[in-house]
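Student: I have just opened this structure and would like to know the reasons behind the words people use for it. Could we go through them together?

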Amino acid sequence: MTSESLRNIWTIAKRELVGYFNSPVAYVFIVIFLLLNGFFTFMLGGFFERGEANLNAFFTWHPWLYLFLVPAAGMRLWAEERRVGTLELLLTMPIAAWEAIVGKFLSCWAFLALALALTFPVAATVCYLGDPDLGGIVAGYVGSLLLAGAYLAVTVMTSALTRNQVISFILSVVICFFLILAGWEPVTNLLVRWAPDWFVNVVASFSVMPHFAGFQRGVLDLRDLLFFVSAMVFCLFSTSVILRGLRGA
């Protein structure tokens, strides 16, 4: 990667990130994200009733919370460009398509990272009430950020497929929902009844839950890291294929 490529990615990322905060949408999103995190952690998660100095009640809900919030944050990335007719202009600029894809992805991922970082009062509460494993907390945050990145990469791909943001949102939710359910025991038990074991294992291997669970336990496993990175790379590569098709159309 050359310095020019890095500069192009930075330019796109900065433009997109500034665009988020030029409208009230970003602030509304962050407020909703923080409120839902607090509700799920302290009300539904039974944070205080657990009597444990960890953030399990906090991270357990993230796959489900991100299921709707991440597609909502990323559905406009390419769909909006297609709707207003600026996609053709962007693709004819002196930058590579992959640079624009990475720049847009990183801008939204940074926005999600900011929203996640603002949940620090929850971690501070745990540290105040007990003596938690700080390594486990850091691992949980890393896993949560990677999970958000995987969901976002899916959303970037679906956003390139259509100029309608609502359709992009629905497609993203459906795909991410599959990534949650793929390894869920009731689903695998159902598949075992009519499908061979190898097929069940392949379907289960797409699940984000076992990989995210490792981070929740405070374990930074290289296989879990590779899973999320591979998911992001695959979806972003698919986005480039879709945009190449649009450029040639």
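**Reading the terms**

Tutor: Happily! Glu4 is a good place to begin, and Glu4 lies in helix H1. Keep in mind that this is a predicted model.

Student: Why is Glu4 called partly exposed?

Tutor: Its relative accessible area is 46%. Buried means under 20% and exposed means over 50%, with partly exposed in between, so at 46% Glu4 is partly exposed. Glu4 also has a partner far along the chain: Ile95 is 91 residues away in sequence, yet the two C-alpha atoms are 9.2 Å apart in space.

Student: Which helix does H1 pack against at an angle of about 45°?

Tutor: Helix H8, residues 97–117, packs with H1, residues 3–21, and their axes are 7 Å apart.

Student: Why are H1 and H8 called oblique to each other?

Tutor: Their angle is about 45°. Angles under 35 degrees count as roughly parallel, 65 to 115 as roughly perpendicular and over 145 as roughly antiparallel, with the rest oblique. An angle of about 45° is in none of the named ranges, so H1 and H8 are oblique. The crossing of H1 and H8 is right-handed.

Student: Which residues of H1 and H8 meet?

Tutor: On the H1 side they include Ile9, Ile12, Leu17 and Phe21, and on the H8 side they include Trp98, Val102, Leu106 and Phe111. The residues of this contact divide into 13 nonpolar, four polar and four charged.

Student: What makes H5 oblique to H10?

Tutor: The axes of H5, residues 62–74, and H10 cross at roughly 40° and come within 9 Å. Roughly parallel would need an angle under 35 degrees, and roughly perpendicular starts at 65, so roughly 40° makes H5 oblique to H10. This crossing is right-handed.

Student: Which residues meet there, and how many of them are charged?

Tutor: Among them are Tyr66, Leu67 and Val70 in H5, and Leu147, Tyr151 and Leu152 in H10. By class, the contact has nine nonpolar, five polar and no charged residues.

Student: H5 packs with H11 too. How do you know that H5 and H11 are roughly antiparallel?

Tutor: H5 and H11, residues 165–181, pack at an angle of about 155°, with their axes 9 Å apart. The cut-off for roughly antiparallel is over 145 degrees, and about 155° is over that value, so H5 and H11 are roughly antiparallel to each other. H5 passes H11 in a right-handed crossing.

Student: What classes of residue make up the contact of H5 with H11?

Tutor: It divides into 12 nonpolar, one polar and no charged. Trp64, Leu67 and Phe68 are among the H5 residues, and Phe169, Val173 and Phe177 are among those from H11.

Student: Which residues touch the most other members of the largest nonpolar core?

Tutor: Phe29, Leu55, Trp78, Leu152 and Phe228 do, in a core of 60 residues. Helix H10, residues 134–161, gives the largest share of this core, 13 residues. Phe29 itself touches Leu69, Ala73, Phe111, Leu112 and Ala115, leaving out residues up to four places away in sequence. There is also a second, separate core of five residues, including Ala182, Leu191, Val200 and Val203.

Student: What makes Ile32 partly exposed rather than buried?

Tutor: Its relative accessible area is 39%. Buried needs a value under 20% and exposed one over 50%, so at 39% Ile32 is partly exposed. Ile32 lies in helix H2, residues 25–44, and its C-alpha atom is separated by 10.0 Å from that of Ala115, 83 residues apart along the chain.

Student: How do you know that Gly183 is partly exposed?

Tutor: At 33%, its relative accessible area is between the 20% and 50% limits, so Gly183 is partly exposed. Gly183 is found in the loop between H11 and helix H12, residues 185–192. Leaving aside its neighbours within four places in sequence, Gly183 is in contact with Thr188, Ala204 and Ser207.

Student: And why is Thr60 called partly exposed?

Tutor: Its relative accessible area is 36%, again between 20% and 50%, so partly exposed is the term for Thr60. Thr60 is found in the loop between helix H4 and H5.

Technical notes:
Residues are numbered from 1 along each chain as its sequence is written. This is a predicted model: local features need pLDDT of at least 70, side-chain atom pairs count only at pLDDT 80 or more; totals for chains, interfaces and linings use all residues. Side-chain values use heavy atoms; hydrogens and water are left out. Axes are lines fitted to C-alpha atoms, for helices over the stretch in contact, and angles run from 0 to 180 degrees between N-to-C directions. Helices (H or I, at least four residues) and strands (E, at least two) are DSSP runs, numbered from the N terminus. A crossing is left-handed if the near helix is turned anticlockwise from the far one by less than a right angle, and right-handed if clockwise. Contact means heavy atoms within 4.5 Å. Ala, Val, Leu, Ile, Met, Phe, Trp, Tyr, Cys and Pro count as nonpolar, Asp, Glu, Lys and Arg as charged, and the others, Gly among them, as polar. A nonpolar core is a set of buried Ala, Val, Leu, Ile, Met, Phe, Trp, Tyr and Cys residues joined through side-chain atoms within 4.5 Å. Buried means under 20% relative accessible area, exposed over 50%, partly exposed in between (1.4 Å probe, protein chains only).
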